[in-house]
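This briefing gathers selected features of one protein model for a reader who wishes to inspect them residue by residue. The points are grouped by topic and may be followed alongside the coordinates.

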Amino acid sequence: MMSAKSSDREAEVRAFDETKLGVKGIVDAGVTTIPSIFINPISKRLPPPKPNSTGCDGQFNFPVIDLRASENGLDHWKKVVEEIREASETWGFFQVINHGIPDTVLDEILKGVKGFFELDNEVKKGYYSRDFANDKFAYHCNADLYSAVAVNWRDSFLCYMAPNPPTPDEIPPVCREILIEYSKQVMKLGKMLFEILSEALGLQQCHLLDMGCLDGLSILGHYYPACPQPELTIGTPKHADGSYITILLQDQLGGLQVLHQNHWVDVPPGALVVNIGNALQIASNDKFKSVEHRVPAKYAGPRISIASFFSTFYLETTQKYGPIKELLSDENPPKYREITMKEYSIYNMKKGLDETSNLDYFRI
Ligand SMILES: O=C(O)CCC(=O)C(=O)O
Ligand SMILES: [Fe+2]
């Protein structure tokens with residue numbers, strides 16, 4: 001039986017959901033203490049940040065890879081392949097510069113996403129949805145709102161851009177053109193990254209593309225409002241992505257932290273971030289690492305970020321999926337069983353952002 005306390009909580013979550021105004025609605029109402037549904041149990045709270053801490057304490061150099069080098073002949077291309085291989089095996093994360101996406105497009109997409117969340121409340125409410133299976137543009141607060149221990153201090157929208165993109169009129173006018181343009185640019189960059197990653201695995205350049213890694217693209221626009229009690233809640237709890245890869249753009253506030261050698265390292269703002277997701281860790285039979293990351297809540301805000309996930313896990317295909325055969329041998333037997341994308345998707349959805357790894361579930 002549900003205790004009175006948990007049913008009270010559920011009612012509070014439901015009432016919050018029904019406002020359709022997300023965390024921003026709470027901040028706009030002028031709260032100075034956060035509602036209890038956002039408060040994490042003590043075991044999940046983060047230690048307060050040290051003053052002026054960069055998080056990395058000068059100990060680690062977050063990998064930055066210059067993609068322009070890849071245009072300058074075979075030797076440079078090989079160097080980029082090598083750098084990306086190294087970063088994918090050790091960090092599971094890297095930044096890219098000279099990636100071909102114009103700065104104006106990056107500025108405009110950040111503005112477009114901010115503009116969406118700052119729309120007139122009545123207009124914005126019209127886009128509120130938890131029907132992620134049917135709505136191509138779904139503005140919501142926490143996909144796992146009803147199952148999570150605490151609500152995260154973050155609003156988001158999810159937009160599926162490939163293989164079945166929304167019609168332009170399904171995208172809010174405030175970010176319509178730029179979301180379409182950004183997704184084109186991200187596709188182009190994604191194609192190049194999958195070619196490099198294929199070579200980094202010792203495969204033909206087209207291997208990951210032929211596997212369909214570029215076929216599904218979903219974009220999550222995040223809005224992290226300023227938080228009056230950041231130590232009690234979190235922006236995004238630690239998790240690893242389900243995608244093959246994710247291309248992440250964060251604004252100048254920064255805040256993304258990556259777990260590296262048991263340290264939470266701040267990812268400096270100002271360059272595009274790429275990370276390996278669970279699907280590629282499985283495909284590479286653990287050669288590439290899907291690494292946990294998180295975003296603490298902050299006094300400062302709003303913070304905007306845009307995560308572009310290459311994955312097909314929301315497509316209900318029956319295609320079998322597991323470690324790439326060409327990588328397997330007697331010395332390197334498969335570490336994961338074969339699953340269908342549908343099985344993977346159902347499992348991921350049910351699990352939500354609960355801080356456990358979803359790789360173990362598929363591990364042999
Ligand atoms: O907001 C961020 O910087 C990270 C978001 C993220 O990790 C995700 O959407 O998977
Ligand atoms: Fe993520």
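Asp17 is part of helix H1, which covers residues 4–19. In this predicted model, the side chain of Asp17 is in polar contact with that of Arg130, at 3.2 Å. Asp17 has a relative accessible area of 9% and is therefore buried, since buried means under 20%.

**Ligand 1: the surrounding shell**

- The shell around ligand 1 holds 13 residues, and the closest are His222, Tyr224, His239, Arg303 and Ser305.
- By residue class, the shell around ligand 1 consists of 7 nonpolar, 4 polar and 2 charged residues.
- Three strands each contribute at least two residues to the shell around ligand 1: S5 (217–224), S11 (293–295) and S12 (303–310).
- Strand S12 provides the largest share of that shell, with 4 residues.

**Ligand 1: polar side-chain atoms and burial**

- Ser305 places a polar side-chain atom 2.6 Å from an oxygen atom of ligand 1.
- For Arg303, the distance between a side-chain N or O atom and an oxygen atom of ligand 1 is 2.7 Å.
- His239 has a polar side-chain atom 3.0 Å from an oxygen atom of ligand 1.
- The protein buries 95% of the 300 Å² that ligand 1 exposes when taken alone.

**The iron ion (ligand 2)**

- Three protein donors serve the iron ion (ligand 2), namely His239 through NE2, Asp241 through OD and His293 through NE2, at 2.1 to 2.2 Å.
- Along the chain, the donors of the iron ion (ligand 2) are spaced as H-x1-D-x51-H.
- His239 appears in both ligand environments: it is among the residues closest to ligand 1, and its NE2 atom is a donor of the iron ion.
- The relative accessibility of His239 is 14%, so this residue counts as buried.
- Asp241 is likewise classed as buried, because its relative accessible area is 6%.

**The annotated domain**

- An unreviewed UniProt entry assigns the feature "domain: Fe2OG dioxygenase" to residues 215–312.
- Within residues 215–312, 6% of the span is helix and 43% is strand.
- The C-alpha atoms at the two ends of residues 215–312 are 7 Å apart.

**Cis peptide bonds**

- As a general background, most peptide bonds are trans.
- The bond from Ala162 to Pro163 is cis, and its omega is near 5°.
- Pro163 is located in the loop that joins strand S4 (155–162) and helix H6 (176–200).
- A cis peptide bond also links Gly301 to Pro302, with omega near 0°.
- Pro302 belongs to the loop between S11 and S12, two of the strands that supply residues to the shell around ligand 1.

**Positive phi outside glycine**

- Most residues other than glycine have a negative phi.
- Asn98, which is not a glycine, has a positive phi near 50°.
- This residue, Asn98, sits in the loop between S2 and H4, and its relative accessibility of 33% makes it partly exposed.
- Gln261 is not a glycine either, yet its phi is positive at about 45°.
- The loop between strand S8 (257–260) and strand S9 (263–266) contains Gln261.
- Gln261 counts as exposed because its relative accessibility is 57%, where exposed means over 50%.

**Residues far apart along the chain**

- Pro102 lies in the loop between strand S2 (93–97) and helix H4 (103–117), and with a relative accessibility of 34% it counts as partly exposed.
- Pro102 and Asn348 are 246 residues apart along the chain, and 34 Å separates their C-alpha atoms.
- Ile346 is in helix H9, residues 341–351, and is partly exposed at a relative accessible area of 46%.
- From C-alpha to C-alpha, Ile346 and Gly115 are 32 Å apart in space, with their positions 231 residues apart in sequence.

Notes. Residues numbered from 1 in each chain as written. Chains lettered and ligands numbered in written order. Predicted model: local features only at pLDDT ≥ 70, side-chain atom pairs only at ≥ 80, totals over all residues. Heavy atoms only, no water. Near = heavy atom within 4 Å. Polar contact = N/O pair within 3.5 Å; in protein donor to acceptor, adjacent residues only side chain to side chain. Areas by Shrake-Rupley, 256 points an atom, 1.4 Å probe, with all protein chains shown as cover. Nonpolar A, V, L, I, M, F, W, Y, C, P; charged D, E, K, R; others polar. Donors = N, O, S within 2.8 Å, 3.2 Å for Na, K, Ca; no water. Buried < 20%, exposed > 50% of the residue type's maximum accessible area, 1.4 Å probe, protein only. UniProt positions renumbered as here; feature names shortened; annotations may be inferred.
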